[in-house]
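Visitor: I'm new to this structure, and I'd like a close look at just one part. Could you pick a helix and walk me through its surroundings?

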Amino acid sequence: MKYTQGKYRILKKTAIAREMYSFIIECPEVAEIAQAGQFVHIRADGFTLRRPVSICEIDREKGTLRIVFEIRGEGTAAIARLNEGSLIDMLAPLGKGFTVNENFKRVILVGGGIGTPPMLSLAQIYGERAVVITGFRSADAVILQKDFKKVGAETILCTDDGSLGIHGFVTTPLESILNNGGADAVYACGPMPMLKNIAALCNEKNVDLCEISLEERMACGIGACLGCACRTKRNDEEYFAHVCKDGPVFNAKEVLW
């Protein structure tokens, strides 16, 4: 796994929802090798442990990455206080990304809450061949809808309280699509219960490829501390994989729920 550690300049900072921020970061050597589904590990001033944040967009021509993150504690709050022109300390790119197949004619991208950002880099690859289903608590938490539409993807929005889009869970429109034409692949990132239900649905509908990106607390980010273990199976045997190194993207059929 090739990665670099450095301090990179924040070119643009935007507040896109309540306690949710978007950074565009100048890091040509990272952008050159980054893949959809990988993450960056950020060190906030005054904190020992780094914070993992999914890569949202990769622009190789401009040499930039975009990350979108939510304030979830003191560490991410410290990162959110950085401004345009500030340097951000990152290990990047880390982890295993999504499997991309240019021959796929139709894919479904499913994002739940802060699991939505990594779907954008996939949507930029598949464009009009992608159907993007996103779910949020309420209308004030919705993000990135214009970004998905900009790349030509079909978008389906769900909210838990019905304040915007479909009132209900992302699995409802997913099941409808799989029942009516299906898809070559389903990619998903979000809360564990959501991923478990998506994996079960894809297995039931015989989807050839279902890949999920797991959210997990991690310390080192490179597989050394063994703190982010998850139960998987390989060759019909249970195996403890590590989200930071073996993932965060896994084939859904390998994860033991």
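Guide: Let's take helix α3: its buried residues pack against β4 (51-59), β5 (64-70), β7 (107-112), β8 (130-136), α4 (145-150) and β11 (185-189). Contact here means heavy atoms within 4.5 Å, while helices (H or I, at least four residues) and strands (E, at least two) are DSSP runs, numbered from the N terminus. Before going on, know that this is a predicted model, where local features need pLDDT of at least 70, side-chain atom pairs count only at pLDDT 80 or more, and totals for chains, interfaces and linings use all residues. Residues are numbered from 1 along each chain as its sequence is written, and side-chain values use heavy atoms, with hydrogens and water left out.

Helix α3 covers residues 117-126, and 8 of its 10 residues are buried (under 20% relative accessible area; exposed is over 50%, partly exposed in between, with a 1.4 Å probe and protein chains only). Those buried residues are P117, P118, M119, L120, S121, L122, A123 and Y126. Just after α3 comes G127, with a positive phi of about 55 degrees.

Now follow one of the helix's neighbours, β11. Y187 in that strand pairs with F98, from the loop between β6 (87-94) and β7, so parts 89 residues apart in sequence are tied together. Their ring centres are 5.5 Å apart and the planes sit at 85 degrees, so the pair is edge-to-face (rings of Phe, Tyr and Trp, its six-membered ring, pair with centres within 6.5 Å; planes under 30 degrees apart are stacked, over 60 edge-to-face, the rest tilted). Y187 is buried at 0% relative accessible area, and F98 counts as buried at 7%.
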